[in-house]
Amino acid sequence: MIIPIFIMNRGCSRRCLFCNERMTAGERPQQITEAAFRETIRACLRSAGRKDGPVQIAFYGGTFTGMEQEEQQRLLELASPFLREGAVDGIRLSTRPDEIDAEGLDLLKAFGVTTVEVGAQSLDDEVLLRSGRGHTAADAVRAVTLLRERGFETGIHLMAGLPGDSPDCFAQTIEKVIALRPDMVRIHPTLVLRDTALAEAFREGRYTPLTLAEAVDLCKKALKKLTNAGIPVIRLGLQTTRELEEPDAVVAGPFHPALRTLVESAIFLEMAVSLLTAAGPGERAVTFALAPADVSNFRGQRRENIAALKERFNLADIRVTADPALPRHMLILTAGSRQLKTDWSDRITESRREDLHADGVHGI
Ligand code: SF4
């Protein structure tokens, strides 16, 4: 559980082309008083009830390490009592890569910060330049390396579809991120938000955002690669706020309140198509088995995947079995006497019922 405290662009050396914190964080006060801080934390702890997992206070929405050291210290001191009394387990924050240095990290360590999320956005210098970020890919590499050396849990924020980006360029960024071995990644397809320089560029025809289908495709490939590399993607797409839902808040771009669901559904559709293609024609009724948590993503919104598969492969019936013994992201097809399985690695193997049991995987 993360309790976010938004610092609203504080510490930012510049306003990035795409950034509108009021939209993405919601309307928040500029100054964080001790009373407001304590009340926010206590209210979140009360409403969350019993702790199911680690609880962290998170300073988001600005460049934490870009603020004056006294202000960083003041905010961390507000969080310290909650950490000392065990009400929370850690402190996390987000910041720019060019505002991370060894001295600053010593301060964070001293106050119990456990996790730092680095707003890299892209690891391509041309994209960073055209997006007005004011730092280079090397800054992000240096920041992540320093954080990992100092024992911080490290996250990387990425954006798909920034000015100058392309599918190849984004794929290369993902490969570079994998080489850096962060503990987690967040990916946000670029949105054109009201009151930003990007909105101006869009109106003047200097910027074309991704379509939703393009964003889903880029995120699909990135999610699979990162997951296969053992790097969790903890967020795909912006969290919706009331401000983001205002009628003219998103000027253009691939906004969807449940982007991750769309992306995972697209992955399962692709997997099912691969399995049915490998199984070949002949059967009019087939069964898919998968982990219970994956079933709704497999079916797709309004069962779109099921309808698409029936039509494409001329199937009369598709049964879906939720098997708690199966791991997440695995899909097993039974078509007649054949059983084929795949997962997010895209490898397809054919197994007899006994082989599946031998693997520790239930037969269907
Ligand atoms: S550094 Fe982050 S919070 Fe600051 S302006 Fe850029 S995107 Fe917004």
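Domain 1 and domain 2 tuck away about 690 Å² between them, and 62% of that sits on carbon and sulfur atoms. Keep in mind that you're looking at a predicted model, with a pLDDT that averages 93 over the protein chain. Besides the two domains, there's a largest pocket of about 960 Å³ to look at, plus a single cavity of 30 Å³ or more that turns up in a search of the whole structure.

**The two domains**

- The domain assignment puts residues 2–257 in domain 1 and residues 264–358 in domain 2.
- On the contact between them, domain 1 puts in 7 residues and domain 2 puts in 9.
- Taken over C-alpha atoms, the two domain centres are 35 Å apart.
- On the domain 1 side, K220, L223 and K224 lose the most area to domain 2; together they make up 65% of what that side buries.

**The largest pocket**

- With a volume of about 960 Å³, this pocket has 40 lining residues, and E21, T24, H157, H188 and L238 are the closest to its centre.
- Quite a few elements chip in two or more lining residues: the strands are β1 (2–6), β3 (90–95), β4 (113–121), β5 (153–160), β6 (184–189) and β8 (233–236), and they're joined by helix α1 (21–25).
- Sorted by class, the lining comes out as 15 nonpolar, 16 polar and 9 charged residues.

**The second largest pocket**

- This one holds about 210 Å³ of space.
- Its lining runs to 14 residues, and G280, P281, G282, E283 and L315 are the ones nearest the centre.
- Helix α10 (residues 259–279) gives the largest share of that lining, at 3 residues.
- The class split here is 7 nonpolar, 4 polar and 3 charged residues.

**The cavity**

- The largest cavity has about 50 Å³ of space inside.
- Its walls are made by P189, L191, G237, L238, P254, F255, H256 and L259.
- No charged residues show up in that lining, which has 6 nonpolar and 2 polar ones.
- L238 does double duty: it lines the cavity, and it is also one of the residues closest to the centre of the largest pocket.

**How far to trust it**

- In the protein chain, 96% of the residues score a pLDDT of at least 70.
- The stretch to watch is residues 356–364, where the pLDDT is below 50, although the model gives this stretch 26 contacts beyond near neighbours in sequence.
- Where pLDDT is low, the predicted coordinates shouldn't be read in detail.

Conventions
Residues numbered from 1 in each chain as written. Predicted model: local features only at pLDDT ≥ 70, side-chain atom pairs only at ≥ 80, totals over all residues. Heavy atoms only, no water. pLDDT = per-residue confidence, 0-100. Contact = heavy atoms within 4.5 Å. 1 Å grid on protein atoms, 1.4 Å probe; cavity = no way out; pocket = protein on both sides within 12 Å on 5 of 7 lines; lining within 4 Å. Points joined across faces, edges and corners; volume = space filled by probe spheres on them. Helix = DSSP H or I, 4+ residues; strand = E, 2+ residues; numbered from the N terminus. Nonpolar A, V, L, I, M, F, W, Y, C, P; charged D, E, K, R; others polar. Domains from an automatic or database assignment. Buried area = accessible area lost by both parts, 1.4 Å probe.
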